[in-house]
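The exercises below invite you to read a structure step by step, each with a task and a worked solution. Please keep the sequence and the structure in view while you work through them.

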Amino acid sequence: MLPAQHRLRERADFAAAIRGPGGARSGSRLVVVHASQTDTRAGLPPRVGLVVSKAVGNAVVRNRTKRRLRAAMAGRLRGIPMGTDLVIRANPAAAQATFAELEAVLDQLIPRVTARLATGGGGR
RNA sequence: UGAGUCGGCCAGACGGUCGCGGCGGCGGGCACCCGCCGACGAGGAACGUCCGGGCUCCACAGGGCAAGGUGGUGGCUAACGGCCACCCGGGGCGACCCGCGGGACAGUGCCACAGAGAUCAGACCGCCGGUCUUGCGAGACCGGUAAGGGUGAAACGGUGGUGUAAGAGACCACCAGCGGCCUGGGUGACCAGGCCGGCUAGGUAAACCCCACCCGGAGCAAGCUCAGACAGUGUGCGUUCGAGGGCGGCCCGCCCGAGCACACGGGUAGAGCGCUCGAGGCUGUCGGCAACGGCAGCCCUAGAUGGAUGGCCGUCGCUCCCGCGGCAGCAAUGCUGCGGGAGAACAGAACCCGGCGUACCGGCCGACUCAUCCA
């Protein structure tokens, strides 16, 4: 688990990051990254939430996938702007990916969504 | 040594590094939070949610019906559809294994195809007797017959005899099976033996049904406490002659009872408790064939809530494959050394226990059976 201040835990926050106004999204074969920024959280630490559905695998596979994504994100929190909420959604292919592959795809996708937020825009 | 049966256990190990959860301690601080240290932190099935309980709420959890479940006997247990022992039936040379194992003389239904006939059965062929015809080979009609053939999963006991025109439990002996009685053994299911009877009875209850026994309902989003939010309006019924409610159905009884139902509109779903000390685990001992129980000592062993118990790296061990060697052997093959490669299952607590069922790479230990060899 991530430190408590970096955890996204309310259902409403998940919905806002995935579907809310002013959100950005970028995806690949392994994962999809959603991001949003709201004025009420300006200056607060970034938060991350994970979505791993049953399509990914059984409980053991889902747990392992979440733990790897969580471990990969723990070292990348510094690179995320203050006040940003991120939701990482795992695709079924993520279950077979190695840790290095997951790290590579996150390094590619996270700068892309945060840049889209900065340009004021909902890059869909 | 080979083949096999049963039972139990394990579920890679160690180290480094970066993290997480609740708990305890210390400090900053004392609203809330942060830092450091310490021990602890998934399974044999945590799984499926198929049974049984505890616990919580429904006033008590009452009677009957319906529905549902269970089904050899005795025991164990909080309880069970579980477990143990035994009985009966079946399989195996054996260790042992398998059985949804009450009732088909309470009633109803069904039994395809084949076959002449399928449950108050049935004369197709055959066998026997009589009458008639005759070309003396036989044929037709009437009657008797269930011993033989043929069909079928199943054809109204089996073998031998008496008997007869031919036959038949028509009669007799023995055997099988059925019913009744008696004696002995066992708590019992049942077993052993004797006598008598009528001579013979199909299967299916996982079809309806009958019998005996069990069962109130809902579930931790149970339930309790606190905090917070909003906004009511209209219609109908009713206040001991009573609406409505009592958590899946119906009736009776009992209880609560001043609000309830419907339509439109509005709001909330946050925190804490429940939440882990329990039919608890381990060891020893006693009783019991055993399941299990009694006693004594020691131990405390996950409690998350977008959901912790992990991510990454290294070393060693295990299994399999390939290559090159060594030893034993006629050979198949077995053991072993080095190098390279691959693999490591099924699966993740969510109130807690007792079971069942299902999934699973492999490894270890013990008891026993059969065959062969040696002594």
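**Exercise 1. The two sides of a helix**

Which residues are exposed on the other side of α1?

Solution. Before starting, note that this is a predicted model, in which local features need pLDDT of at least 70 and side-chain atom pairs count only at pLDDT 80 or more, while totals for chains, interfaces and linings use all residues. Residues are numbered from 1 along each chain as its sequence is written, chains are lettered from A and ligands numbered from 1 in the order in which they are written, and side-chain values use heavy atoms, with hydrogens and water left out.

Begin with the buried residues of α1, which are Phe14, Ala17 and Ile18; buried means under 20% relative accessible area, exposed over 50%, and partly exposed in between, with a 1.4 Å probe and protein chains only. These buried residues cover an arc of only 90° around the axis, which puts them on the same side of α1; the arc is that of the directions from the helix axis to the C-beta atoms. On the other side of α1, the exposed residues are Ala12 and Arg19.

Continue with what the buried side meets: the buried residues of α1 pack against β2, β3 and β4, where contact means heavy atoms within 4.5 Å. Helix α1, residues 11-19, runs at about 105° to β2; axes are lines fitted to C-alpha atoms, for helices over the stretch in contact, and angles run from 0 to 180 degrees between N-to-C directions.

**Exercise 2. The chain and its sheet**

List the elements of chain A, and then work out how its strands are arranged.

Solution. Chain A has 3 helices and 4 strands, and from the N terminus on they run α-β-β-β-α-β-α. Helices (H or I, at least four residues) and strands (E, at least two) are DSSP runs, numbered from the N terminus.

Next, place the strands side by side: they form an open sheet of 4 strands in the order β1-β2-β4-β3, with mixed pairing. The edge strands are β1 (24-27) and β3 (47-51), each of which pairs on one side only; two strands pair if DSSP finds at least two bridges between them. Neighbouring strands of this sheet are turned by 15° against each other on average, with direction ignored.

Then take the pairs in turn. Strands β2 (residues 31-37) and β4 (residues 84-90) run antiparallel and are joined by 7 bridges, and the bridge partner of His34 in β4 is Val87. In contrast, β3 and β4 pair in the parallel sense over 5 bridges, with Arg89 in β4 as the bridge partner of Val51. As for its surroundings, β3 is mostly covered, since 4 of its 5 residues are buried.

**Exercise 3. Helix α2 and Arg62**

Describe the span and the buried face of α2, and then find what Arg62 touches.

Solution. Helix α2 (residues 59-74) has 16 residues and reaches 22 Å from its first C-alpha to its last, close to the 22 Å expected at 1.5 Å a residue; that expected span is 1.5 Å times one less than the number of residues. The buried residues of α2 are Val61, Thr65, Leu69, Ala72 and Met73. Seen down the axis of α2, these residues fall within an arc of 100°, so they line one face of the helix. On the other side of α2, Val60 and Arg67 are exposed. The helix α2 lies across β2, β3 and β4, running at about 145° to β4.

Arg62 is found in this helix, α2. Leaving aside its neighbours within four places in sequence, Arg62 is in contact with Val52, Ser53, Lys54 and Gly57. A polar atom of the Arg62 side chain lies 2.9 Å from the backbone oxygen of Gly57.

**Exercise 4. A residue of helix α3**

Is Thr114 buried or exposed, and which backbone oxygen does its side chain reach?

Solution. Thr114 is found in helix α3 (residues 99-118). Its relative accessible area is 14%, so Thr114 is buried. The side chain of Thr114 reaches the backbone oxygen of Pro111 at 3.0 Å.

How values were computed. Polar contact = N/O pair within 3.5 Å; in protein donor to acceptor, adjacent residues only side chain to side chain.
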